[in-house]
Amino acid sequence: MKKKYIVDTNVLMDDPNCLDILRNGIENEIYIPKTVIDELDNLKRNPNKKLQVIKITEQLLKHKDNIHILDTLNYSDSPDNKIIKEISSLNNRSDYTFVTNDKLFSLKTYKEGIITEDYKQSNPIKSEAETNTGFIDLYTEEGKIEDFNDYKNTFHFDEVGKLKFYSSKENKVVNVQDEDIWKISPWDHYQKALFHLLLDDNISLITVSGKAGSGKSLLASAAALYKVLQEKKYKKIYYITPTIEIGKELGFLPGNIEEKIAPYFKSIVSLLIKLHELRTTHDKIFLDDSFEKFNKKKIEFLPINFLRGQTLEDCFVIIDEITNFSRTETRSILSRMGENVKVICTGDPKQIDNYHLNKFNNGLNWIVKKCLNEDLFAHIQLKGKKTRGPICDLVEKVDL
């Protein structure tokens with residue numbers, strides 16, 4: 001027997017796939033009140049619920065030909081619904097096309113029989129870390145760039161396609177050489193450019209933005225080992241990473257401080273083991289063959305909770321996943337840096353797990369916004385097509 005289900009907002013929020021289950025193939029009918037869509041429209045403005053609403057919207061669009069939208073008494077109260085009534089009052093309505101990028105709104109207009117299209121040339125607002133890539137075009141509308149003073153520490157390709165770098169400290173354009181670091185070779189010109197920044201002693205602060213598996217942490221770690229263990233430019237490597245968990249929190253972790261923070265640095269430890277196996281050195285990274293204990297004279301993991309009052313000197317510092325640090329936390333970390341320090345900050349604006357942060361107010365974007373075009377600073381995006389493996393490539397391609 002066919003059933004007719006009216007679905008409430010909380011059901012959709014609990015399980016965006018509930019429409020598949022309730023429809024049971026094509027057996028049952030689904031009704032969605034317009035008020036529910038209005039509520040979802042309001043919820044999408046909440047950064048903690050935005051992702052869930054996006055998933056629900058995708059399911060509603062998937063079933064748009066097989067769901068019924070219920071009218072409500074307060075239909076005219078919503079600005080969106082007022083627009084629908086205004087469009088509906090037009091003569092020869094089929095002659096008009098309504099343009100919107102609001103997918104929930106377009107679902108409403110579709111069910112009202114209004115022809116609707118996306119605006120395909122949309123240019124969504126981007127953060128400073130997204131807008132600035134570290135690369136510039138040599139030629140602008142005004143002609144060829146001759147004075148790079150407004151583009152400090154940036155990369156460009158010359159007339160014959162060679163990668164060049166404008167060094168603000170040296171006030172000159174230099175060739176970017178092919179560099180291998182710790183037996184790691186760059187995949188593309190983005191990684192080649194990052195290697196150049198990592199080896200440039202004139203640049204003390206670098207922010208690196210890139211998608212999952214683009215090599216941010218691996219390249220930074222390789223450079224750290226090279227600078228500390230081979231070149232002896234610095235005495236020690238420090239790793240700082242946020243103690244943010246994906247999904248539900250695990251709760252209290254037993255053990256001493258090192259045992260408590262160990263899970264948060266596990267990915268870094270895996271990278272260091274990989275680099276250790278690629279190239280050994282007289283200065284031991286690990287104290288034994290178990291790879292469980294590090295030589296603290298060379299490598300140390302620091303939770304942000306214990307940084308206050310410290311001064312880090314003669315060291316190479318990697319702040320991993322800085323997009324999960326707030327502006328205040330980032331400022332606190334950077335204010336701990338003393339003499340002869342190089343800091344690399346890595347992050348991905350698409351991988352922010354801190355519910356209080358977004359692509360605008362995270363630590364990486366704050367640094368780019370405040371430090372861009374400073375002599376000691378450089379920012380770069382890793383935009384290569386290759387990542388850590390085929391499954392990661394697939395996920396990035398289809399944006400699951």
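Biologist: What makes the reach from the side chain of Q191 to the backbone nitrogen of W187 a polar contact?

Modeller: The distance is 3.0 Å. A polar contact is a pair of N or O atoms within 3.5 Å; within protein, one must be able to donate a hydrogen and the other to accept it, and residues adjacent in sequence count only if both atoms are side-chain atoms. The value 3.0 Å is within 3.5 Å, so the pair qualifies.

Biologist: What kind of model is this, and which atoms and residues count?

Modeller: This is a predicted model: local features need pLDDT of at least 70, side-chain atom pairs count only at pLDDT 80 or more, and totals for chains, interfaces and linings use all residues. Residues are numbered from 1 along each chain as its sequence is written, and side-chain values use heavy atoms, with hydrogens and water left out.

Biologist: Is Q191 buried or exposed, and how do you know?

Modeller: Its relative accessibility is 2%. Buried means under 20% relative accessible area, exposed over 50%, partly exposed in between (1.4 Å probe, protein chains only). So Q191 is buried, as 2% is under 20%.

Biologist: What does Q191 touch, beyond its neighbours within four places in sequence?

Modeller: Q191 is in contact (heavy atoms within 4.5 Å) with S185, P186, S214, G215, L219 and L382.

Biologist: Where does Q191 lie?

Modeller: Q191 sits in helix α8, residues 189-199. Helices (H or I, at least four residues) and strands (E, at least two) are DSSP runs, numbered from the N terminus. At the start of α8, a side-chain oxygen of D188 comes to within 3.1 Å of the backbone nitrogen of Y190.

Biologist: Why is α8 called mostly covered?

Modeller: Ten of its eleven residues are buried. Among them are Y190, Q191, F195 and L199.

Biologist: Why is helix α3 described as largely enclosed by the rest of the structure?

Modeller: Seven of its ten residues, in the run 34-43, are buried, so the description fits. They are K34, V36, I37, D38, L40, D41 and L43. Their packing partners include α1 (9-14), β2 (29-33) and α4 (50-62).

Biologist: How do you know whether V208 is buried or exposed?

Modeller: V208 lies in strand β11, residues 205-210. Its relative accessible area is 1%. That is under 20%, so V208 is buried. Beyond its neighbours within four places in sequence, V208 is in contact with several residues, including L194, C345 and L382. V208 and I322 are 114 residues apart in sequence, and their C-alpha atoms are 9.7 Å apart.

Biologist: Why are N24 and K232 called partly exposed?

Modeller: N24 has 45% relative accessibility, and K232 has 47%. Both values fall between 20% and 50%, so both residues are partly exposed. N24 is in the loop between α2 (18-23) and β2. K232 is in the loop between α9 (216-230) and β12 (236-240).

Biologist: What is notable about phi in these residues?

Modeller: Phi is near 55° in N24, a positive value in a residue other than glycine. K232 also has a positive phi, near 60°.

Biologist: Why does C345 form no disulfide?

Modeller: A disulfide is a covalent bond between the sulfur atoms of two cysteines. Here the test is a pair of cysteine sulfur atoms within 2.5 Å. The closest cysteine sulfur to that of C345 is in C371, 9.1 Å away, so the gap is too far for a bond. The structure holds zero disulfides.

Biologist: Are C345 and C315 buried or exposed?

Modeller: C345 has 0% relative accessibility, and C315 has 0% too. That is under 20%, so both are buried.
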